[in-house]
Amino acid sequence: MRELELYFGPQHLGMVGNFSITLKVEGDRVVKADANPGYLHRGFEKLMEQRSWIKNFPMVCRINVVEPDSMELAYATAVESLAGIEVPERAQFIRSIYLELARVGSHLFGLWAYSNMLGFDTAAQWAMYHRDLVLDLFEELTGGRVYHIYIWPGGVRRDFPEGFEKRLVETLHSIGGCVPDYDACFFDNRLFYDRAAGIGKITREEAMEMGGTGQALRATGVPYDVRKIEPYAAYDKVPWEVPTREDGDAFSRIWVVRDEMIESVHMIFKLLDEMPKGDVYNRIPNPFKWRIPEGETYVRCESSRGELGLYLVSDGGDKPYRVHFRTPSYPHGLTILEKALVGESISDVGNIMISLYVVAPEIDR
Amino acid sequence: MAKPSLLGPLRVIKYLFKKPKTLRYPFELKEPARRYRGFHLNDWDQCTGCGNCADICPNDAIEMVERPEIAPDPGEKNERPRLDYGRCCFCGLCVDICPPGSLRLSRDYFHIHFDTSTFVFTPRDEKTDDETFLPAEKYSVLKASLAHRKRDYQGFEPEIDYALFDPDRVEMPEVPPEERKLSFVEQMLGYDREQAVREAERCLECALCEDACPAHLKISDYIEAVYEDSPEDSLRTIYEDNPIPAICGRICMKHCEDACSLSIRGEPLAIRWLKRFVSDTVRNYRDALEQSPGEPTGKRIAVIGAGPGGLSTAYFLRLLGHEVVVFDELSGGGGMLRVGPPRYRLPEEAIDKDVEYIASLGVDFRFQTRVGRDVEFEELRDEFDAVFLGIGLTVSRSTRVENADRCQLALPFLAKNKTEEKCEVPEEVIVIGGGNVAMDVAREALRLQHIRYPGKRTVTRTVSLEDWDEIPATEEEIEEAREEGVEFNPAWGPKRVVLDDQGNIKGLLCMKVNSVFDEEGRFAPTFHEDQEMFLEGRMIIEAIGQGADFSFLPKEVMERIEFTEARKVRVNENGMTTVPGIFAGGDIVNVNLDAVTAIADAKAASEGIDQWLSGGEG
C-alpha cells in the first residue's frame with residue numbers, strides 16, 4: 001500500500017495545542033510519527049536569566065497554563081533551597097492543599113480535552129463547569145483564576161481568607177457528588193471502553209526507559225509518585241494512596257486520572273483536619289538587593305502530568321545564572337508519543353496524545 | 001476488566017430537566033472574589049511618588065510620570081505611577097512593595113476600546129476622582145471601562161505581614177535605662193558590621209530621603225555601599241556633602257528618616273546609625289578619603305565658630321584651595337555641639353575625630369580665641385578676604401519670672417558638666433522647658449543625682465508650656481527620658497520661683513496653660529491664672545531657648561546687617577549677609593536649628609565665598 005505523509009496539527013480539530021505530529025501512514029495505520037514541538041517557544045529559561053529573583057516569581061507559572069501551580073512550587077522550593085529560606089509549617093499544608101486543588105482543576109481540564117476529543121460532550125461540559133468551580137476557589141484564595149501567582153519563596157502569598165475552608169469543602173463535596181454520574185456517563189460508558197481500551201499501549205519497561213512518569217507510568221502498574229518517594233510540602237503528614245492501573249493503554253491512563261482526582265480530594269480533607277495555625281510566610285530579603293549564594297540545586301515535584309523538575313544555578317548574583325525545567329510533557333509528548341502511535345489508527349492519534357496529557361507549552365518553555 | 005454496559009449512560013438523562021449552569025451575561029453577573037486582582041487603584045493622597053512599584057514591575061508596565069497639579073510635601077515627589085495595561089500581568093507585586101500601601105488592585109476588569117492609547121492609564125481612586133468611580137446607581141456594566149468604574153470596589157490589597165519590604169529595623173544595641181542613668185556612658189552602642197549590612201539591606205533606594213535632607217546627602221549611595229560591606233566607599237560618598245559624619249551619625253535631626261518610605265507603615269531605615277557605623281568603622285579617614293586641598297588660590301577666609309557650619313565651610317573652602325582659619329572660644333571644635341549634647345549622646349572623641357580630619361587638610365584652628373576679646377573683628381576684616389559667621393546660639397534665655405535670677409541657665413549647666421568639675425545637684429531638680437535642650441539638661445541632672453546620691457530616691461521633673469501633643473522635643477528623647485525616670489509636667493507655665501526663709505530655692509509655682517500659640521501660630525502663651533500647682537525642688541534650671549551673641553561685631557557692621565522677621569540674619573542664596581564679604585550660616589540664619597541645616601548653609605556659603613573671591617557676584 002502507498003505510504004502517505006500526513007500533517008496532524010498545529011491546525012487540527014484533534015490537536016489541543018500549539019503542537020504538531022507528522023505521520024507516515026499506510027491506509028489508516030500510522031507507520032511512523034514525528035512530533036514537532038516549537039510552536040510555542042517563548043524562551044522562558046533564557047528570560048529568567050535576565051530577571052531578578054522576585055521578578056521570575058510571577059513568570060514561572062506561565063510556562064504551563066493548565067497547571068501553573070506546580071511551576072510556582074518548583075521555583076519557590078529551588079530558591080528556598082539555594083537561599084536557605086525556611087517555610088512555616090502552615091504554609092507547607094496550604095501548599096499541599098493548593099497543589100491538590102490544582103491537580104483536580106488540571107485533571108478536570110484534561111478530562112474535558114479528552115472526552116471532548118472523543119465526542120463525549122456531556123462529560124466534557126461537566127468537567128469544564130466543575131473546573132470553573134475550582135477556579136472560583138483559586139480566585140478567592142489568590143485573586144487570580146488562571147495564573148494564581150501564589151506560592152512564593154518563603155511560603156505562600158496570603159493566608160486562607162475567612163470561611164475559605166468551608167467553601168473549599170462544600171465545593172469539593174458538590175463536585176465529588178457527581179462522580180457516579182461521571183462514571184455512568186463516561187468512565188463506565190461502553191463507548192469509552194471501546195475507544196480507549198488497548199489503544200496507545202506502552203509497557204512498563206518502555207515507559208520507564210523513555211522517562212515516562214505520572215499517569216503514563218502509573219497506568220503500567222508502577223506506583224511512582226514524587227509526592228510519595230520524596231515528600232515535599234505536607235505530603236508526608238497524612239496517609240494517602242497512589243492509584244495505579246496495569247494495562248498501560250489510554251483507558252488505564254484516564255482511569256488513573258479519575259482515581260487521582262478522588263484521592264486528591266480525600267487528601268485535601270485530611271490536610272485540612274491536620275493543618276496547624278500560625279504564619280504562612282517568612283519574609284524574603286529586600287527584593288531589590290536580593291542576591292542568592294552561589295550554588296546549584298535540582299528540585300522536583302509531582303505535577304498533574306508527572307514529574308516536574310527544576311535545575312537552578314546561582315552564581316551569587318541578583319538573578320539566576322541558569323534555569324532548566326524538566327517537564328513531564330517532554331518525554332510524554334516526544335518519545336513516548338512517537339512510540340505509542342506506531343501501528344495505531346489515524347482516528348486514535350488525538351486519543352493517544354491527550355491520554356498522555358501532553359501540554360505543548362511546557363515542552364517548549 | 002469486564003466490558004461495561006451500553007445502558008449505563010442513561011442514568012444521566014435526569015440532567016435534561018435541570019436548569020443550565022451557564023450565566024446569561026450581562027443579565028446575570030458574577031461577582032469577582034474579594035481578593036480579585038483587577039485594575040489598579042491608587043490613593044494619591046497617600047502615594048509619595050517613590051517609584052518602587054515601577055522598579056519591581058516584572059513587565060515594565062509601570063512608569064512614574066510627573067503630575068504638575070500635585071504640590072508634593074517635603075520628602076515626596078509629584079510623580080504618580082502610570083500603568084500600561086498592554087503589559088501589566090496583574091501579578092500585584094507593585095501592591096506588595098508599595099511602602100505607603102496606597103496602590104491596590106480593584107475588582108474591575110472591563111475595558112474595551114478601539115484606541116489602544118486608552119490602555120495607558122494613571123490610576124486614582126474614589127477619594128480623588130468622582131468622575132471615574134461611580135456609586136452603584138450610576139454604574140452600568142454595559143459602560144464599564146477604565147473611565148467608568150465602581151466605587152468602593154477594592155480587590156487585592158496590601159498587607160504589612162506579606163509586604164516585600166521589611167518594616168522592622170535592626171535594633172540598635174543600647175545601654176538599658178537602669179544602667180545608663182548611673183553614668184555618662186554613651187547610650188547607643190552602635191551597629192556591628194553584620195547588623196549594619198542587615199539594616200542597609202532594608203533600603204528600597206527610592207531616594208525620597210535625599211530630597212528631604214537639607215544638605216542633600218547621597219543617602220541611597222552610601223547606604224548601598226554599607227550593604228556592599230564597603231564602609232570606605234560609603235565614607236567617600238558622605239564626605240561629598242557632609243564633613244562631620246561622626247557627629248551627624250549621632251545627633252543629626254534626621255529629616256531623611258522622617259521622609260523614609262519605610263516609615264509610613266513601619267520603622268524608617270536607621271540612616272543616622274548607619275552613618276555613625278561608617279564613621280566608627282573607618283578608623284583612618286585620611287587613608288579612606290585620599291583627599292587633598294585644591295591648588296592654592298592665595299585667598300584667605302576667616303571662619304568664626306567651629307560648630308557644624310564653621311567646620312563645613314572650612315572643609316569645603318579648603319578643598320577649593322583657599323586658606324582657612326577657624327576661630328573659636330572653646331578648647332576644641334564642635335561649637336555648641338561640644339557644649340550642648342551630653343556625653344551619653346555625643347562623646348568628645350567623636351567630635352574630635354571629625355575636627356582632626358578637617359585640620360589635617362590644612363585648616364588652621366585657633367581655639368580659645370574669642371573674636372571681640374582675643375582678636376578684633378575689624379582685624380579679621382582687614383587680614384582676610386572674606387569672613388564666615390557660624391557663631392550659633394550661645395546665650396541661654398531666662399523666663400524672667402520672679403526670682404528667676406536664682407535659677408541656673410541650661411548652657412552653662414551643660415558646659416560645666418563637660419568639665420571634670422561637674423555641677424552640684426540637690427535631690428530634687430526642676431527643669432523648665434520642653435525642647436531637646438531641656439531633655440539634655442534633665443537627663444544630665446538625673447545622672448548627676450544618681451552619681452551624687454547613690455541608692456537614694458531623687459526627683460527630676462520638667463515643666464513645659466506645651467502639652468504632650470505639641471511638646472517640641474523629639475519623641476525618642478522624651479521616651480528615653482521617661483525610661484530613665486524623668487517626670488513630666490506638660491501644659492504648666494512658671495509663675496514664680498519660691499524661696500524659703502533663708503533665701504534658698506524651695507520650688508516653682510506653676511499655673512495651668514490655656515494655650516501656647518495664638519491663632520496665627522505665633523508664640524503667645526495664655527494661662528488659667530487661678531489654677532496653680534507647686535513643684536518642690538532645690539534647684540531650677542531654665543532651658544527655654546537660646547539667642548545669639550553679636551556683641552563682638554562693631555556697631556557699624558551690626559547696623560548694616562539685616563535681620564529677617566524671624567530674627568535671623570538675612571543672607572542671599574550664596575550665604576552672604578547684607579554686608580559684602582561677610583557670610584553667615586547655621587542657627588543664626590536658619591530656623592531648623594540643627595547641624596545638618598548648618599552644613600547645607602555652609603555648602604551654599606562656601607560656594608558663594610568661592611564665587612565672590614574669584615570676582616563673581618556675592
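This report describes selected features of a predicted model, from the build of chain B to its pockets, salt bridges and backbone angles.

## Chain B as a whole

Chain B contains 20 helices and 22 strands. Along the principal axes, its C-alpha atoms fill a box of roughly 115 × 65 × 55 Å. Of its 618 residues, 56% count as buried.

One of the residues of chain B that lies away from the surface is B:Gly249. This glycine belongs to helix α8 of chain B, which spans residues 245-251. B:Gly249 has a relative accessible area of 0%, and it is therefore classed as buried, a term that applies under 20%. B:Gly249 and B:Ser279 are 30 residues apart along the chain, yet 7.6 Å separates their C-alpha atoms.

## Empty space in the model

Rolling a probe the size of a water molecule over the atoms shows where empty space is left. Both a pocket and a cavity may be described in this way.

The second largest pocket has a volume of about 1300 Å³. Its lining consists of 38 residues, and those closest to its centre are A:Tyr129, B:Pro20, B:Lys21, B:Thr22 and B:Leu23. Helix α5 of chain A, residues 121-142, supplies the largest share of this lining, with nine residues. Sorted by class, the lining of the second largest pocket has 20 nonpolar, five polar and 13 charged residues.

The structure also holds seven cavities of 30 Å³ or more. The largest cavity has a volume of about 100 Å³. Of the 13 residues that line the largest cavity, B:Cys203, B:Leu204, B:Cys206, B:Cys209 and B:Cys260 are the closest to its centre. The lining of the largest cavity comprises 11 nonpolar residues, one polar and one charged.

## A nonpolar patch on the surface

Which residues make the nonpolar surface patch of about 810 Å²? The patch is made by A:Leu191 together with B:Leu6, B:Leu7, B:Leu10, B:Ile13, B:Leu16 and B:Phe17. B:Phe17 lies in the segment before β1 (40-42) of chain B. Its relative accessible area is 70%, so B:Phe17 counts as exposed, the class for values over 50%.

## Salt bridges

Over all chains, the count of salt bridges comes to 91. Three of the pairs are set out below.

| Pair | Closest N to O distance |
|---|---|
| A:Arg190 and A:Asp194 | 3.5 Å |
| A:Lys237 and A:Asp236 | 3.6 Å |
| B:Asp233 and B:Arg236 | 2.6 Å |

A:Arg190 and A:Asp194 share helix α8 of chain A (residues 190-196), where they stand four residues apart, about one turn of the helix. A:Arg190 is partly exposed, with a relative accessible area of 22%, and A:Asp194 is partly exposed as well, at 43%.

For the pair A:Lys237 and A:Asp236, the relative accessible area of A:Lys237 is 39%, which makes this lysine partly exposed. A:Asp236 is likewise partly exposed, with 48%.

In chain B, both B:Asp233 and B:Arg236 lie in helix α7 (residues 231-239), three residues apart, about one turn of the helix. B:Asp233 has a relative accessible area of 37% and is partly exposed; B:Arg236, at 31%, is also partly exposed. Elsewhere, salt bridges that share partners join B:Glu174, B:Arg180, B:Arg345, B:Asp440, B:Arg443, B:Arg447, B:Glu477, B:Glu480, B:Glu483 and B:Glu484 into one network.

## Backbone angles

Most residues other than glycine have a negative phi, and most peptide bonds are trans. The following residues depart from this pattern.

A cis peptide bond, with omega of about 5 degrees, joins B:Tyr25 and B:Pro26. B:Pro26 is found in the segment before β1 of chain B.

A:Tyr357 has a positive phi, near 55 degrees, although the residue is not glycine. This tyrosine is placed in the loop between α14 (349-355) and α15 (360-364) of chain A. Is A:Tyr357 buried or exposed? With a relative accessible area of 7%, A:Tyr357 is buried.

B:Glu290 also has a positive phi, near 50 degrees. The loop that holds B:Glu290 runs between α11 (285-289) and β8 (300-304) of chain B. B:Glu290 counts as exposed, with a relative accessibility of 66%.

Note on methods. Residues numbered from 1 in each chain as written. Chains lettered and ligands numbered in written order. Predicted model: local features only at pLDDT ≥ 70, side-chain atom pairs only at ≥ 80, totals over all residues. Heavy atoms only, no water. 1 Å grid on protein atoms, 1.4 Å probe; cavity = no way out; pocket = protein on both sides within 12 Å on 5 of 7 lines; lining within 4 Å. Points joined across faces, edges and corners; volume = space filled by probe spheres on them. Helix = DSSP H or I, 4+ residues; strand = E, 2+ residues; numbered from the N terminus. Nonpolar A, V, L, I, M, F, W, Y, C, P; charged D, E, K, R; others polar. Patch = residues over 30% accessible without salt bridge, like charges linked within 9 Å, V, L, I, M, F, W, Y side chains within 5 Å. Areas by Shrake-Rupley, 256 points an atom, 1.4 Å probe, with all protein chains shown as cover. Salt bridge = Lys/Arg side-chain N within 4 Å of Asp/Glu carboxyl O. Buried < 20%, exposed > 50% of the residue type's maximum accessible area, 1.4 Å probe, protein only.
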